[in-house]
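Hi,

Here's the structure I said I'd pass along. Have a look at it first, and my notes on what turned up are underneath.

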Amino acid sequence: MKFTLPKWYDLHVHFRQGAPMENYIQAHLDMGCCGVLAMPNTKPPVTHVSGKNTEQYWTIENYLSDLKQAGGEAFDDIIVPLYLTGETSAKMITEGAKDGILRACKYYPPHGTTNSEHGADLNIYMENGVFSAMEEAGLILNIHGEEHGLSGETYFGESSNAEDYFYKNHMPKLVKKFPSLKIVCEHITTKTAADFVNTASDDVVATITPQHLLYTVADLLQGLKYHLYCLPLLKFEKDRNALLEAATDKNNTKFFAGTDSAPHTTKATECGCAAGCYTGGIAPQLYADAFNLNEDNLETFKNFLCLNGPQFYGLDVSKETFTLEKKPSTPVIAGNAIPLHTGLGHDELNWTLNL
Ligand code: DOR
Ligand code: ZN
C-alpha cells in the first residue's frame, strides 16, 4: 500500500531559536512539509511586528528572517503569529496587517504552558480593541483554549478540565461578540471543543495533533511515559473518539493538521517535566496510523493533512508530492530532541515516507 500526497502544511509547530532550529526545520522538510505556522513563544517572545529585536521582545520580521536563514527558505510559506500580551494595541494590529507581515495572532493563557507567562486574560483583548482590529483586518486568531489559574479538580478532574471550561465559558462569548473573526482552536483535546467547532460558523476551525488522536491520559500514566506529556494534556477515550470522528469525517472541512511539535532537549527533571511532544520527521506517519490509512479513507486523510488547513489560511496547495508506504522504517534522529515514538520505546514506524 503506497499513497502519493501533496506536500502538507504544519499549521502549528515550535522551531525554537538559535542553533537547534536548523535540525528541527530540516526534520520538517524531510517529512514532506511545505510550509508552517511557527509559534512565537521564544525567549524573549515575538510580541512586536517589525523593527529591531530588543532584550524584552522579538519581532515577527526578525524571527522570520532567522527561520529562513536556518533552512526555512525552502518552505513555500512561513507564518509567524504575533504573541498577544497586555501591551498589544489595536494600532499595532491594524498597521501590521497593512504591511502584510502580520497575518495571525496567538492567544496564550497566562502561565498556562511553556513560555506563556507574557499572555493576558482573554477578556482584555475582547475589550481593548485588539480582537475588533483583527476581525476588521481579516487576521486569524490562534487560540490555546485552556482556562488559566485553575488547580486541582477544576484543572483536570472527572467532570471537567481547563479546556472544557474554556470552551464552555469563553468561546461562546468570543464568537458572539466577534462573529466574523477567523479563529483556529489549536490542538484541541476534548469532545467539548470538537463539538464547539462542529457547531460554530465556518470561520471557526481546529487543529489536532497526532498524539491526541492516538493516545489518552492512560497511555501517559501507565509507566509514566513522560514523552507524552504535553499541554493541553491528553484526555479520555470519549474525547479521543470525538477528535477521531471529527478528523475522519468524509465531509470534514474544519479540522486539520497542526502537530504542536515541541522539542525539549531535557524533558524530565527532578522538579517536573517540560510540556511538549516532538514529532519532527514522524508526523504524517503518526497521522496515517491514527487514520488507519487505506484506499478507502485516502481522500479524507488528504483533506485533513493537505487541503483543509491551506484552504482556511488562504495558502496554495503544494504542487510537489511525497509518498507514504505501509512499510516499517527507522527515522533518523537529528539534534538533541527525542522524537515521540522513540521516547515511547518504539524502534520503528509503521510507515515509510519518501520525498
Ligand atoms: O505541550 C506544549 N508545548 N504545549 C504548548 O502549548 C507549548 C509547547 C512548547 O512550547 O513546548
Ligand atoms: Zn504549541
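Helix α9, residues 191-199, has Thr192, Ala193, Ala194, Phe196 and Val197 buried. What do the buried residues of α9 pack against? On the helical side, the partners are α7 (162-169), α8 (171-177) and α12 (237-248). The strands in contact with them are β10 (182-185), β11 (204-208) and β12. Bear in mind throughout that this is a predicted model.

Next, the metal. The zinc ion (ligand 2) takes its protein donors from His12 (NE2), His14 (NE2) and Asp260 (OD), at 2.0 to 2.1 Å. If you want the sequence pattern of those donor residues, it reads H-x1-H-x245-D. That brings together distant parts of the chain: histidine 12 belongs to strand β2 (residues 8-13), while aspartate 260 sits in the loop between β12 (255-257) and β13 (268-269), and the two are 248 residues apart. Are histidine 12 and aspartate 260 buried or exposed? Both are buried.

Then there's a helix pair you may like. Two packed helices are described by the angle between their axes and the distance between the axes. For α3 (residues 90-99) and α5 (residues 130-137), the axes come within 8 Å and cross at roughly 20°. Angles under 35 degrees count as roughly parallel, so that is how α3 and α5 run relative to each other. The crossing of α3 past α5 is right-handed. Which residues meet there? α3 brings Ala90, Ile93, Thr94 and Ala97, and α5 brings Val130, Ala133, Met134 and Ala137. As a reminder, an α-helix has 3.6 residues a turn, so residues three or four places apart point the same way.

Last, a sheet. It's an open one with 3 strands, in the order β1-β15-β16, and the pairing is antiparallel. β1 (2-6) and β16 (352-354) are its edge strands, each pairing on one side only. On average, neighbouring strands in this sheet are turned by 25° against each other, ignoring direction. Strand β15 (residues 321-325) is joined to β16 by 3 bridges, with the two running antiparallel. To find your way around there, start from threonine 323, whose bridge partner in β16 is asparagine 354. Helix α13 (residues 283-291) lies across β15 and β16, at about 50° to β15.

That's it from me. Shout if anything is unclear.

Cheers

Definitions and conventions:
Residues numbered from 1 in each chain as written. Chains lettered and ligands numbered in written order. Predicted model: local features only at pLDDT ≥ 70, side-chain atom pairs only at ≥ 80, totals over all residues. Heavy atoms only, no water. Pairing = 2+ DSSP bridges. Helix = DSSP H or I, 4+ residues; strand = E, 2+ residues; numbered from the N terminus. Axes fitted to C-alpha atoms, helices over the stretch in contact; angles between N-to-C directions. Contact = heavy atoms within 4.5 Å. Donors = N, O, S within 2.8 Å, 3.2 Å for Na, K, Ca; no water. Buried < 20%, exposed > 50% of the residue type's maximum accessible area, 1.4 Å probe, protein only. Parallel < 35°, antiparallel > 145°, perpendicular 65-115°, else oblique. Left-handed = near helix turned anticlockwise from the far one by under 90°.
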